[in-house]
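Here is a short briefing on one protein chain. Look over the sequence and the model first, then read the points below.

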Amino acid sequence: MRRTEDVYNIIKAGLANSKILARYSLKKQWSRMSKAERWEAGRALAFMDRLSRYPEIYFSRKDTQDAWVKRATKLAYERNISLNDAFYIAKDPVAIVYKSAGPAVWSDEKSLFYQFCCEIRDWEYARTRKDYVGAIQERKSLNNLLKTAQEIQKRVDIVNTNIMLRPLKKLCLQLQY
């Protein structure tokens, strides 16, 4: 099992790499975007920068659970549904992060970013459980988180490769699977 600080360093690196991928995908889309979309994408990149430096603010149970419970409770009251059902409808920490960062992330990077955020949330919430189920979930979530962080790193390596060698590197990585 890794120390929490080590995992947070991996999370910070993965989120910083996600920002690199977002900037790269934005470069391809920039000329087709309106001024409002560019403004929104710039704000989303700034958010991703803060997110990569301080992920615990956006994903830790201590900082997010109370707000999530309030949203679910309000939704359950307004729609006259059970609290359990309301938790599935109410915005979780991932949905809030994704909404703020979404305008900067394009194409298949979008699903990878969302998956990584889900794995961060799952690991954080499993880590803070105080039972054996939490320990099992933490291990599983950590493995998934590490795999996704490696996938993000591979994509960043491709982006940072010389433009002439990029197709060859993509092919090599695809053949590894």
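D92 counts as buried, at 10% relative accessibility. That is under the 20% cut-off for buried, so the label applies. The model is predicted. D92 is also one half of a salt bridge, and its partner is R121.

**The R121–D92 pair**
- The side chains of R121 and D92 meet at 2.1 Å, N to O.
- R121 sits in helix α7 (residues 108-127), while D92 sits in the loop between α5 (83-89) and α6 (93-101).
- The two are 29 residues apart, and the pair links distant parts of the chain.
- R121 is buried as well, with a relative accessible area of 16%.

**The R155–E109 pair**
- R155 and E109 form a salt bridge through their side chains, at 3.1 Å from N to O.
- This pair also links distant parts of the chain: R155 belongs to helix α8 (residues 132-159) and E109 to helix α7, 46 residues apart.
- Is E109 buried or exposed? E109 counts as buried, at 15% relative accessibility.
- R155 counts as partly exposed, at 22%. Buried requires a value under 20%, so R155 falls outside that class.

**The D49–K19 pair**
- A salt bridge joins the side chains of D49 and K19, with N to O at 3.6 Å.
- D49 lies in helix α2 (residues 35-53) and K19 in helix α1 (residues 4-29), so the bridge ties together parts that are 30 residues apart in sequence.
- D49 is partly exposed, with a relative accessible area of 25%.

**Salt bridges overall**
- How many salt bridges does the structure hold? The count is 11.
- R3, E5 and D6 are linked in a network of salt bridges.

**Charge**
- The chain carries 34 positive and 20 negative side chains.
- The centres of these two sets lie 5 Å apart.

**Fold and dimensions**
- The chain has 9 helices and 0 strands.
- Read from the N terminus, its elements run α-α-α-α-α-α-α-α-α.
- The C-alpha trace spans about 55 × 45 × 25 Å along its principal axes.
- Take the contacts between residues at least 6 apart in sequence: 64% of them join residues at least 24 apart.

**Burial and surface**
- The chain has 177 residues, and 38% of them count as buried.
- About 11,100 Å² of the chain is exposed.
- Carbon and sulfur atoms supply 54% of that area.

**A backbone outlier to check: N80**
- N80 has a positive phi of about 55 degrees, although N80 is not a glycine.
- Where is N80 found? N80 is in the loop between α4 (61-79) and α5.
- N80 is exposed, with a relative accessible area of 72%. Exposed requires a value over 50%, so N80 qualifies.

**Confidence**
- Mean pLDDT for the chain is 90.
- Of its residues, 99% reach 70 or more.
- Which element has the lowest mean pLDDT? Helix α9 (residues 166-176) does, at 76.
- Helix α2 has the highest mean pLDDT, at 95. Helix α2 is also where D49 of the D49–K19 pair lies.

Technical notes. Residues are numbered from 1 along each chain as its sequence is written. This is a predicted model: local features need pLDDT of at least 70, side-chain atom pairs count only at pLDDT 80 or more; totals for chains, interfaces and linings use all residues. Side-chain values use heavy atoms; hydrogens and water are left out. A salt bridge is a side-chain nitrogen of Lys or Arg within 4 Å of a carboxyl oxygen of Asp or Glu. Helices (H or I, at least four residues) and strands (E, at least two) are DSSP runs, numbered from the N terminus. Buried means under 20% relative accessible area, exposed over 50%, partly exposed in between (1.4 Å probe, protein chains only). Contact means heavy atoms within 4.5 Å. Accessible areas come from the Shrake-Rupley method with a 1.4 Å probe; for residues, only the protein chains shown count as cover. Lys and Arg count as positive and Asp and Glu as negative; His and the chain ends are not counted. The place of a charge is taken as NZ of Lys, CZ of Arg, CG of Asp or CD of Glu. pLDDT is the predictor's confidence in each residue, from 0 to 100.
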